[in-house]
Amino acid sequence: MDKKEILERKLSQLEDLTWEEQKEMFFELFGFDCGLSNGKNIKKRLFNKLQEIYLGGVSESDQLILRRIAENDDRANLRQVGKNRNMTQGTRLVKEWKGKIYTVTITVDGRYEYDGEIYRSLSAVADKITGTHWNGKKFFGVK
């Protein structure tokens, strides 16, 4: 059975899952509880994550292209990220630096996961990426 067939089976099974089973699957795939704010779109997020796992995510080069397009689109509001942005568990921060895309996910305990490791601060992640000291919130554009 190929990946596409496995994905189709998983997606059809997803439709029959109870809310509790969806929450369990969410935790297994994302590594944190979905929380109430994700309740409305949990199936969509599970659907997308399964597709990413079995068919692959967006390539780095495509991510760069999409980011550049969004930066030139006033409706994307990428420059409007302010201090009041609600960064709860599961929030993903994306930074393009020196032609490469870096993604950090906020964990259930408020720490930051980058490249499979957990960091106590965004500054520690920025330091790891750049090799020099940075204010992490400024580096990721959330300050």
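Trainee: Which residues in α2 meet which residues in α3?

Mentor: In this predicted model, W19, Q22, K23, M25, F26, L29 and F30 of α2 meet I42, K43, R45, L46, K49, L50 and I53 of α3. By class, the residues of this contact divide into nine nonpolar, one polar and four charged.

Trainee: Why are α2 and α3 called oblique to each other?

Mentor: Start with the angle: the axes of α2 (residues 19–30) and α3 (residues 42–55) come within 10 Å and cross at roughly 40°. Roughly parallel requires an angle under 35 degrees, and roughly perpendicular runs from 65 to 115. The crossing of roughly 40° fits neither class, so α2 and α3 are oblique. As for handedness, α2 passes α3 in a left-handed crossing.

Trainee: And what makes α1 and α3 roughly antiparallel?

Mentor: Helix α1 (residues 3–14) packs against α3 at an angle of about 165°, and their axes are 9 Å apart. Angles over 145 degrees count as roughly antiparallel, and therefore α1 and α3 earn that description. Their crossing is right-handed.

Trainee: Which residues make that contact?

Mentor: From α1 come K3, I6, L7, K10, L11 and L14, and from α3 come K43, L46, F47, L50, Q51, Y54 and L55. This contact has nine nonpolar, one polar and three charged residues.

Trainee: Let's turn to the sheet. What makes β1 and β4 edge strands?

Mentor: The open sheet has four strands in the order β1-β2-β3-β4, with antiparallel pairing. β1 (92–97) and β4 (117–119) each have a single partner strand, so one side of each is left without a neighbour in the sheet.

Trainee: How do you know that β3 and β4 pair?

Mentor: Pairing takes at least two bridges, and β3 (residues 112–114) and β4 are joined in the antiparallel sense over three bridges. Y112 stands opposite Y119 in β4.

Trainee: Which helices pack on the sheet?

Mentor: Helix α4 (residues 60–71) touches β1 and β2 (100–106), and its direction makes about 85° with that of β2. Helix α5 (residues 122–130) touches β1, β2, β3 and β4, with its direction at about 15° to that of β3.

Trainee: One more topic, the aromatic pairs. Why is the pair of W97 and F139 called edge-to-face?

Mentor: The structure holds five aromatic pairs, among them W97 and F139, at 6.1 Å centre to centre with 65° between the planes. The centres need to lie within 6.5 Å, and planes over 60 degrees apart count as edge-to-face, so this pair qualifies on both counts. W97 lies in β1 and F139 in α6 (residues 136–139), so the pair ties together parts that are 42 residues apart in sequence.

Methods
Residues numbered from 1 in each chain as written. Predicted model: local features only at pLDDT ≥ 70, side-chain atom pairs only at ≥ 80, totals over all residues. Heavy atoms only, no water. Axes fitted to C-alpha atoms, helices over the stretch in contact; angles between N-to-C directions. Helix = DSSP H or I, 4+ residues; strand = E, 2+ residues; numbered from the N terminus. Left-handed = near helix turned anticlockwise from the far one by under 90°. Contact = heavy atoms within 4.5 Å. Nonpolar A, V, L, I, M, F, W, Y, C, P; charged D, E, K, R; others polar. Phe/Tyr/Trp six-rings, centres within 6.5 Å; stacked < 30°, edge-to-face > 60°.
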